[in-house]
Amino acid sequence: MGTIETSKLDKVTPLRILTAKGGPYALTAPLRDMVCLLENGSLYLSTSHQTNHYVLGFLERLARHNVHFHLKPTSLSEIQKLYKTLPTSQAISSEAKHAQPQAITIPVQTEQTSTQRQAEVVKLIGEAVKAGASDVHLIVAEQNCQVRWRIHGELKTVCELTAQHGHDLCATIYQSMCDVADPIYHPGKNQDARLKRSFLKEYGLFGVRIATAPIECGTLMVLRLLYDHHNAKPTLDALGYLPEQVSLLRRISQRITGINIFSGATGSGKSTTLECVLTDLLRSLEQKIHLLTIEDPPEYTITGANQIPILCDKDDEAVLSSEWSRAISNSLRLDPDVIMIGEMRDAASALSAFRAAMTGHGVWTTLHANDVVSILERLSDLGIEMSLLTDPLLVTGLINQSLVRKLCLHCRKPYLKHKHTLAEDIVQRIERTCLPEQIQLQGDGCKHCHQTGIAGRLVVAEVLMPTQRLMNVFKAEGKAQARAFWMQQMGGITKNQHLIRRINEGLVDPQLGERDVGLLDTDYLIERD
């Protein structure tokens, strides 16, 4: 993308803008956001709008008038800077005026039909899917709209639109393409929605969750892309779980009562793993159990399950909380064997989930917590009584997970040959905790990884099946001592240990591992006997 050095241009010649208001090639406001023609023939054009219908029409007009120009692709913000810093064509000398043909004004229709905008949104989603994105961000500011994709956990700006264009896309998405949404799109308030599945069929998506929020200078809309695993359900091994963890998870799932809780940050893959575990459970029991899910809304199809969406006013937290509790209580009258609750979002839904487990049902759910033992602390904060919280016959499984970027096997490079490029402190941590001769670093990219050096992401997890002794330690001495007991007495595998295994297998760059999971020497902070 080009960068315009206006200071240099000004020193060479007092260049003026011919496409400014009142100039010989005056453009209407929307097109001025995309195009800037200087009197030396430099035509600065927004990289994101080179195929725009009205831009092409303007270029054709220039050609018909025999105007010679040199295309200089750049960003919207740089074009806006030109209009603010360079003089307009109103001050052009009489000689320059006579040298130019008659003024050209391009009438631009900025409002496209709903169908055209919908097609543009569908195309944008399709391109994001092709790139392997998990989220699409539309950041509508005062002057422009950035479109960004999250790929392998990192955000990448893919194009820049005008502010009006971005607003129109957001309004189109929310008001004409959703089946779960408020009646009207309000850029100045938080709103949630879900895209209609009819727009997603060709791209292998189960759904698209939409969240909007006002930001200081505009609006943010995030589209979470939910991929359909119907024809190729991931296995726990493929997700990244270690063999010992897979074995323990399967043992936990064979217990027919109790509550099992997945935790992790937003976007850490909890729902995908939960889908995998429940699919395995149904398969192992030949679908002879009744599995109910309660979700807001369902994120993935679980074959053999009855999936219940939460339908209510999402803006009213009290109503939403009440609806979650009501749905969980009502599910007990629908003769379930196992209940999956999408999230324990507050004290009321957490208590309802525990009540469901206390009535002899198997319960699977999610929660936000930083590590596996912190789940107990978080539940305590939500008001679950200690006598319930520390009962290993009631709390039967605790899982915490993060996602770490996996190296492309075709272009990764050996650590020992490139360690000189790393900071001294990380070299010290690597050589203290890992096996240097087996470590690989992120490569420069190749055709196999779309020039990123990354080939997807792996789960790094902690899996704990509580015992009474562990619960007693937690109750008497707190989280830190309970975690130390789990590690030292129960052989618990921490996310830190899981990460180091993957680094030693050459699958994860230690620098990326630290960014995604934590410092390699984190476990040394826990006192050992």
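The questions and answers below concern confidence, salt bridges and burial in this predicted model.

User: Over residues 1-12 and residues 90-112, what bound does the pLDDT stay under?
Analyst: The protein averages a pLDDT of 85, and 89% of the residues score at least 70. Residues 1-12, with 21 contacts beyond four places in sequence, and residues 90-112, with 44 contacts beyond near neighbours in sequence, are stretches of low confidence. Where pLDDT is low, the predicted coordinates should not be read in detail. For both stretches the pLDDT is below 50.

User: How many residues apart in sequence are the parts that Arg 16 and Glu 39 tie together?
Analyst: The side chains of Arg 16 and Glu 39 form a salt bridge, with an N to O distance of 3.8 Å. Arg 16 sits in the loop between helix H1 and helix H2, while Glu 39 sits in the loop between strand S1 and strand S2, so the pair joins parts separated in sequence by 23 residues.

User: Is Arg 117, the salt-bridge partner of Asp 168, buried or exposed?
Analyst: Asp 168 in helix H7 and Arg 117 in helix H6 are 51 residues apart, and their side chains meet at 3.2 Å, N to O. Asp 168 has a relative accessible area of 14% and is buried. For Arg 117 the relative accessible area is 5%, and because buried means under 20%, Arg 117 is buried.

User: Which helix holds both Asp 280 and Arg 283?
Analyst: Asp 280 and Arg 283 form a salt bridge whose closest N and O atoms are 2.7 Å apart. The two residues are three residues apart, about one turn of the helix, and that helix is H10.

Methods: Residues numbered from 1 in each chain as written. Predicted model: local features only at pLDDT ≥ 70, side-chain atom pairs only at ≥ 80, totals over all residues. Heavy atoms only, no water. pLDDT = per-residue confidence, 0-100. Contact = heavy atoms within 4.5 Å. Salt bridge = Lys/Arg side-chain N within 4 Å of Asp/Glu carboxyl O. Helix = DSSP H or I, 4+ residues; strand = E, 2+ residues; numbered from the N terminus. Buried < 20%, exposed > 50% of the residue type's maximum accessible area, 1.4 Å probe, protein only.
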